Amino acid sequence: MVYFDKHPRSTPLRMAVFASGEGSNMENIVRYCRHVDRRAEVALVVCNRAEAGAVGRAQSLGVDCEVISRSLLNDKAGMEALLEAHRVDAIVLAGFLLMIPEFLISRYRGRILNIHPSLLPRHGGKGMYGRHVHEAVVAAGDTVTGITVHMVSEACDEGRILFQAAVDVDAADTPADVERKIHALEAAHYPRVIMDTFFE
């Protein structure tokens, strides 16, 4: 674990948020850093889809945003140069759908967090993201689901669990109902857990 506050900083911790979708979690993190806990800031948003809502949200928030290809993500020199140019200290995944390459995990060991929309290890692994997870929860007849914040490791969804929060699933809930409940948990907890982890 890296505890950034062991060495007092004259400037905020600089985070890159990687997102592939609408970017609601990314926006929540940006606003939390600006209005609640200013020990960190989102210095860069990285997105692999030019049409994703996260791109427009980043622009409206005045946060630098880079749209990257899968090939650039896996280009060690290119990705390291991008992150170094923005002086990135830590990486936060917020609905990012591509696997993080091992060279980035190694370089930012203990400084890459992800949020998964279920109570891992249930409904985790390759292909289990977003609506796919909520559909699996309903199909399995689960009565409880939730969120898991974990360290990113080389194995998908198997990094050390840092935090979990649960919510009931009603018998009549659809995947869309479960998704709304999960989004509420993410908004309530993810930004705070990020700060608690990096500044414990």
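This report describes selected strands, side-chain contacts and backbone features of one chain.

The model is predicted, and local features are reported at pLDDT of at least 70, side-chain atom pairs only at pLDDT 80 or more, while totals for chains, interfaces and linings use all residues. Residues are numbered from 1 along each chain as its sequence is written, and side-chain values use heavy atoms, with hydrogens and water left out.

**Strand β5 and its partners**

Helices (H or I, at least four residues) and strands (E, at least two) are DSSP runs, numbered from the N terminus. Strand β5 (residues 112-116) is largely enclosed by the rest of the structure, because 5 of its 5 residues are buried; buried means under 20% relative accessible area, exposed over 50% and partly exposed in between, with a 1.4 Å probe and protein chains only. In a regular strand the side chains alternate between the two faces of the sheet. Both faces of β5 are covered, with Ile112, Asn114 and His116 buried on one side and Leu113 and Ile115 buried on the other.

Two strands pair if DSSP finds at least two bridges between them. β5 pairs with β4 in the parallel sense over 2 bridges, and here Ile91 stands opposite Ile112. The same β5 is joined by 4 bridges to β6, and these two strands run antiparallel; the bridge partner of Asn114 in β6 is His150. Together, β4, α5 and β5 make a right-handed β-α-β unit, where right-handed means that, with the strands pointing away from the viewer, the path from the first strand over the helix to the second runs clockwise.

**Thr148 in strand β6**

Thr148 lies in β6 (residues 144-151) and is buried, with a relative accessible area of 0%. Its side chain reaches the backbone oxygen of Ser118 at 2.7 Å and makes a polar contact of 2.9 Å with the side chain of Gln164. A polar contact is a pair of N or O atoms within 3.5 Å; within protein, one must be able to donate a hydrogen and the other to accept it, and residues adjacent in sequence count only if both atoms are side-chain atoms. Leaving aside neighbours within four places in sequence, Thr148 is in contact (heavy atoms within 4.5 Å) with residues including Asn114, His116, Leu119, Ile161 and Phe163.

**Aromatic rings**

The structure holds 1 aromatic pair. Phe18 and Phe96 form it in an edge-to-face arrangement, at 5.2 Å centre to centre and 75 degrees between the planes. Rings of Phe, Tyr and Trp (its six-membered ring) pair if their centres lie within 6.5 Å, with planes under 30 degrees apart counted as stacked, over 60 as edge-to-face and the rest as tilted. The pair links distant parts of the chain, since Phe18 is in strand β1 (residues 13-19) and Phe96 in the loop between β4 (90-93) and α5 (102-107), 78 residues apart. Phe18 counts as buried at 0% relative accessibility, and Phe96 counts as buried at 9%.

**Backbone features in loops**

Most residues other than glycine have a negative phi, and most peptide bonds are trans. The table lists two residues with a positive phi.

| Residue | Phi | Loop | Relative accessibility |
|---|---|---|---|
| Arg87 | near 50 degrees | between α4 (76-85) and β4 | 53%, exposed |
| Asp157 | about 60 degrees | between β6 and β7 (161-168) | 16%, buried |

A cis peptide bond, with omega of about 15 degrees, joins Leu120 and Pro121, and Pro121 is found in the loop between β5 and α6 (130-139).
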